[in-house]
Amino acid sequence: MAIRASLVSSHPDFYNRHCFLSLHPPPPPPRPHSNPTRSRPNTAALFIHFGPIGPRFSSRRHSELLSSIPRAADSTQPSPTSVSSSSDKTIVPDDQFSLAKVSFGVIGLSVGISLLGYGFGAYFNVLPGSEWSALMLTYGFPLAIIGMALKYAELKPVPCLTYSDALPLREAYATPILKQVRNDVIRYRYGDEQHLDEALKRIFQYGQGGGIPRRSAPILQKIREEVTEDGKYCLVLVFEAKALQLSDFEQRQAKFTSFFGPGITAEIAKGERDLFEVRLISNTNANTSPS
């Protein structure tokens, strides 16, 4: 008779398990094969099984064991440094409504053409209100002419990129001239050939000795508000100048400082392709009180 024994054993220090030996009857003999001479002998099998037995091995002890196992760091979770750095360099959208961002040429054209169209329709009795047709034609024609004139002399605002860390420093540490420069270039202007035309005329001295031709004048493409490494507010003017070199801007670095001063320092840098950056840095920061 074959005996199958199952032994459950553990050391006393291994979570206080117990050891015992159990006997089980052997399994029924297999069916005879087609060949009566071949048969499978019955053998005794010894099975050793380890398992937690007893009330001492509780779920609390099991949770402590799992908590002590170190887990790999989740690479999908961003580190605090990357989160703070990315949040500081987020662009603040300029969604505040202002009349300076509205084109008066478009308004004049829209109102004038509307009055002219309705006035002609009412005059020929196509639209109601024939008694008001003369008044609409009288005011619609000059409004349309003024709108076309403003649209022709219109200078569109340049894009302004403002980083989130520079926004709270603008009101506290930007000089009045830097604030005025920003407000002038982000609104519609009429009659000027380009933004900062008067400043560029004095700095680059168009048509004078040691100056540059007016056709080679740099054109302001955009501005950017950022914070320097030492915590100072910086207004960056990005110019496009295909006929100028970096040396033409570096020679006039002191003029940029004196014209947009006082209280600022001008730095020159080369951008992509034909772009040049003039960095107007305020001399006050978060560590010093503004004058």
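1. A salt bridge is taken here as a side-chain nitrogen of Lys or Arg within 4 Å of a carboxyl oxygen of Asp or Glu. In this predicted model, D192 and R189 satisfy that rule, with N to O at 2.7 Å. R189 also meets D184 in a salt bridge, at 3.9 Å from N to O.

2. The residues of these pairs are partly exposed: R189 has a relative accessibility of 22%, D184 a relative accessible area of 22%, and D192 a relative accessibility of 31%.

3. A further salt bridge joins E154 to K151, with the closest N and O atoms 3.2 Å apart. E154 is buried, at 14% relative accessible area, whereas K151 is partly exposed, at 36%.

4. By the same rule, the count of salt bridges comes to 15. A network of salt bridges links R224, E226, E267, E277 and R279.

5. Turning to the nonpolar interior, the largest nonpolar core contains 36 residues. L196, F204, I223, L237, F249, F256 and F260 have the most contacts inside this core. Among the elements that give two or more residues to the core are helix 7 (197-204), strand 7 (219-227), strand 8 (232-240) and helix 9 (253-260).

6. I223 merits separate mention. Leaving aside residues up to four places away in sequence, I223 touches V158, P159, C160, L161, R182, V185, I186, L235, V236 and L237.

7. S216 is located in the loop between helix 7 and strand 7. Because its relative accessible area is 14%, S216 counts as buried. Residues up to four places away in sequence not being counted, S216 touches A243 and L244.

Definitions and conventions
Residues numbered from 1 in each chain as written. Predicted model: local features only at pLDDT ≥ 70, side-chain atom pairs only at ≥ 80, totals over all residues. Heavy atoms only, no water. Core = buried A, V, L, I, M, F, W, Y, C linked by side-chain atoms within 4.5 Å. Buried < 20%, exposed > 50% of the residue type's maximum accessible area, 1.4 Å probe, protein only. Helix = DSSP H or I, 4+ residues; strand = E, 2+ residues; numbered from the N terminus. Contact = heavy atoms within 4.5 Å.
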